[in-house]
Amino acid sequence: MFGQKLKNLRSRTNKTQQEVADYLGMSRAAYSHFENGRNEPDRETILKLADLFDVSTDYLFGREKQEYKETENRAQTVAAHIDEDVSDEEMEDILNYIEFIRQKHKKE
């Protein structure tokens, strides 16, 4: 289950095993063992994986069904702080900034 979640998350984020392994500071083969269920990551690696894929550790272990819970909560917080008086131009600037940040993080 854990390995399949990792594989699905990696696939959805268009990352290769090598990219994830590089992020974690390990070989591709070592990371592959996590996805195939041969080995389990240590606590620090689990936290890094949760950060990389923007999910909770509970989600990785199947204790939480909602994949992007933290992201959705933050999005709701941001949306709640945009009042009704925002002009179309201001809203366009906000959306452009959000897209800028997303693209910036995709490159990292």
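**Salt bridges, rings and helix faces in an all-helix predicted model**

The side chains of E35 and R10 come together in a salt bridge, with 2.5 Å between N and O. E35 belongs to helix α3 (residues 28–35) and R10 to helix α1, so this pair ties together parts of the chain that lie 25 residues apart in sequence. Both partners are tucked away: E35 is buried at 5% relative accessibility, and R10 counts as buried too, at 14%. As with everything below, this comes from a predicted model.

In outline, the protein has seven helices and zero strands, so the elements simply read α-α-α-α-α-α-α from the N terminus on. Of its 108 residues, 25% are buried. The protein exposes about 8000 Å², and carbon and sulfur atoms supply 47% of that area. Among contacts with a separation of 6 or more, 46% are between residues 24 or more positions apart.

Back to the charges. Side chains of opposite charge can pair when their charged atoms come close. A search of the whole structure turns up three salt bridges, one of them being the E35–R10 pair already described. Another joins E44 and K48, at 3.5 Å from N to O. Here both residues sit in helix α4 (residues 43–53), four residues apart, or about one turn of the helix. That spacing makes sense, because an α-helix has 3.6 residues a turn and residues three or four places apart point the same way. E44 is exposed, with a relative accessible area of 51%, while K48 is partly exposed at 28%. There is also a salt bridge between R63 and D58, whose closest N and O atoms are 3.7 Å apart. In that pair R63 is exposed at 68% relative accessibility, and D58 is partly exposed at 32%.

Rings get involved as well. The structure holds three aromatic pairs. One of them, F2 with F61, is stacked, with 5.1 Å from centre to centre and 25 degrees between the planes. F2 lies in helix α1 (residues 2–12) and F61 in the loop between α5 (57–60) and α6 (69–80), so the pair ties together parts that are 59 residues apart in sequence. The two rings are not equally covered: F2 is buried, at 15% relative accessibility, whereas F61 is partly exposed, at 40%. A charge meets a ring at Y59, where the charged end of K5 sits over the ring, 4.1 Å from its centre.

Helix α2 (residues 17–24) has four buried residues, namely Q17, V20, A21 and L24. These cover an arc of only 100 degrees around the axis, so they end up on the same side of α2. What does that buried set pack against? The partners are α1, α3 and α4. Right after α2 comes G25, with a positive phi near 75 degrees.

Helix α4 can be read in a similar way. Its buried residues are T45, I46, L49, A50, L52 and F53. They span an arc of only 165 degrees around the axis, which means they sit on the same side of α4. On the other side of the helix, R43, E44 and D51 are exposed, and E44 is the residue that bridges to K48. The buried residues of α4 pack against α1, α2, α3 and α5. Just after α4, D54 takes a positive phi of about 55 degrees.

Y31 brings several of these threads together. This tyrosine is in helix α3 and is buried, with a relative accessible area of 0%. Leaving aside residues up to four places away in sequence, Y31 touches L6, R10, Q17, V20, A21, L24, M26 and L49. That list includes R10, the salt-bridge partner of E35. It also takes in Q17, V20, A21 and L24, which are the buried residues of α2, along with L49, which is one of the buried residues of α4. Y31 and G3 lie 28 residues apart in sequence, and their C-alpha atoms are 9.9 Å apart in space.

Conventions:
Residues numbered from 1 in each chain as written. Predicted model: local features only at pLDDT ≥ 70, side-chain atom pairs only at ≥ 80, totals over all residues. Heavy atoms only, no water. Phe/Tyr/Trp six-rings, centres within 6.5 Å; stacked < 30°, edge-to-face > 60°. Helix = DSSP H or I, 4+ residues; strand = E, 2+ residues; numbered from the N terminus. Buried < 20%, exposed > 50% of the residue type's maximum accessible area, 1.4 Å probe, protein only. Lys NZ or Arg CZ within 6 Å of the ring centre and 35° of its normal. Salt bridge = Lys/Arg side-chain N within 4 Å of Asp/Glu carboxyl O. Arc of directions from axis to C-beta. Contact = heavy atoms within 4.5 Å. Areas by Shrake-Rupley, 256 points an atom, 1.4 Å probe, with all protein chains shown as cover.
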